[in-house]
Amino acid sequence: MASRLTLLLSALEDLRSKELKKFRLYLSEGALEGFARIPRGKLQEDSDATDIASQMTEMYGSEDSLKIALHILRDIKHNELAARLEGELERTRTNAQGLR
């Protein structure tokens, strides 16, 4: 069973350099209402998927990081990747409930 951090990291690693740059921009501008933006200084130009996933989970926690990532992926027209991430997250939740 994949952890939420693993799911987030996997999704971010599927983005090309230009797309990751756009993702960083959305994070630094406050992508989702009700969540603070991540300051640009923490999202350097050379921040890779690992750096971004780490910053997101530190700032928002794992569950909210995934919610924000799904929102941004849809905003940048990565609907297929968002759907895949959402499906993997749902499977993880279902598996976790089955273990109880």
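Which side chain meets that of Glu86 in a salt bridge? Select Glu86 and Arg74: their side chains form a salt bridge, at 2.7 Å from N to O. The model on screen is a predicted one. Glu86 sits in helix α5 and Arg74 in helix α4, 12 residues apart, and the pair links distant parts of the chain. Glu86 counts as partly exposed, at 40% relative accessibility. Arg74 is also partly exposed, at 34%.

**Other salt bridges**

The structure holds 8 salt bridges. For another one, select Asp14 and Arg84, where the closest N and O atoms are 2.2 Å apart. Asp14 lies in the loop between α1 and α2, while Arg84 belongs to helix α5, so this bridge ties together parts that are 70 residues apart in sequence. Asp14 is partly exposed, with a relative accessible area of 40%. Arg84 is partly exposed too, with a relative accessible area of 36%. Now add Glu88 to the selection: Asp14, Arg84 and Glu88 are linked in a network of salt bridges.

Go next to Glu45 and Lys21. They form a salt bridge in which the closest N and O atoms are 3.5 Å apart. Glu45 is in the loop between α2 and α3 and Lys21 is in helix α2, so the bridge ties together parts 24 residues apart in sequence. Glu45 counts as exposed, at 57% relative accessibility, whereas Lys21 is partly exposed, with a relative accessible area of 44%.

**Helix α2**

Stay with α2 and select residues 17–29. The helix has 13 residues. From its first C-alpha to its last it reaches 19 Å, close to the 18 Å expected at 1.5 Å a residue. Just after the helix comes Gly30, with a positive phi near 85°.

Which residues of α2 are buried? Colour Glu19, Leu20, Phe23, Arg24, Leu27 and Ser28 to see them. Then show α1, α3 and α4, which are among the elements that cover these buried residues.

**Arg24**

Centre the view on Arg24, in helix α2. Arg24 is buried but has no salt bridge. Which side chain of opposite charge is nearest to Arg24? That is Glu45, 4.3 Å away. This distance leaves the pair outside the salt-bridge cut-off, because a side-chain nitrogen of Lys or Arg must be within 4 Å of a carboxyl oxygen of Asp or Glu. Glu45 is the residue already seen bridging to Lys21.

Draw a distance from the side chain of Arg24 to the backbone of Ser47. The backbone oxygen of Ser47 lies 2.9 Å from a polar atom of that side chain. Leaving out residues up to four places away in sequence, Arg24 touches Leu43, Gln44, Glu45, Ser47 and Ile52.

**The nonpolar core**

Hide the charged side chains and turn to the interior. In soluble globular proteins, nonpolar side chains tend to be buried together. Here the largest nonpolar core has 28 residues. Select Leu12, Phe23, Leu27 and Met56, which touch the most other members. Show the helices α1 (4–13), α2 (17–29), α3 (49–60), α4 (62–75) and α5 (79–98), the elements that each give two or more residues to this core. Which of them gives the most? It is α4, with 6 residues.

Now select Met56 and display what surrounds it. Not counting neighbours within four places in sequence, Met56 is in contact with Leu8, Phe23, Leu27, Ile38, Gly61, Ser65, Ile68 and Ala69. Phe23 and Leu27 in that list are also among the buried residues of α2.

**The loop between α4 and α5**

Move to His78, located in the loop between α4 and α5. Is His78 buried or exposed? With a relative accessible area of 18%, His78 is buried, because buried means under 20%. Apart from residues up to four places away in sequence, His78 touches Leu15, Glu19 and Leu73. Glu19 is one of the buried residues of α2.

**Last stop: Ala96**

Finish in helix α5 at Ala96. This residue is partly exposed, with a relative accessible area of 26%. Select Thr6 as well and draw the distance between the two C-alpha atoms. Ala96 and Thr6 are 90 residues apart along the chain, and their C-alpha atoms are separated by 15 Å.

How values were computed
Residues are numbered from 1 along each chain as its sequence is written. This is a predicted model: local features need pLDDT of at least 70, side-chain atom pairs count only at pLDDT 80 or more; totals for chains, interfaces and linings use all residues. Side-chain values use heavy atoms; hydrogens and water are left out. A nonpolar core is a set of buried Ala, Val, Leu, Ile, Met, Phe, Trp, Tyr and Cys residues joined through side-chain atoms within 4.5 Å. Buried means under 20% relative accessible area, exposed over 50%, partly exposed in between (1.4 Å probe, protein chains only). Helices (H or I, at least four residues) and strands (E, at least two) are DSSP runs, numbered from the N terminus. Contact means heavy atoms within 4.5 Å. The expected span of a helix is 1.5 Å times one less than its number of residues. Lys and Arg count as positive and Asp and Glu as negative; His and the chain ends are not counted. A polar contact is a pair of N or O atoms within 3.5 Å; within protein, one must be able to donate a hydrogen and the other to accept it, and residues adjacent in sequence count only if both atoms are side-chain atoms.
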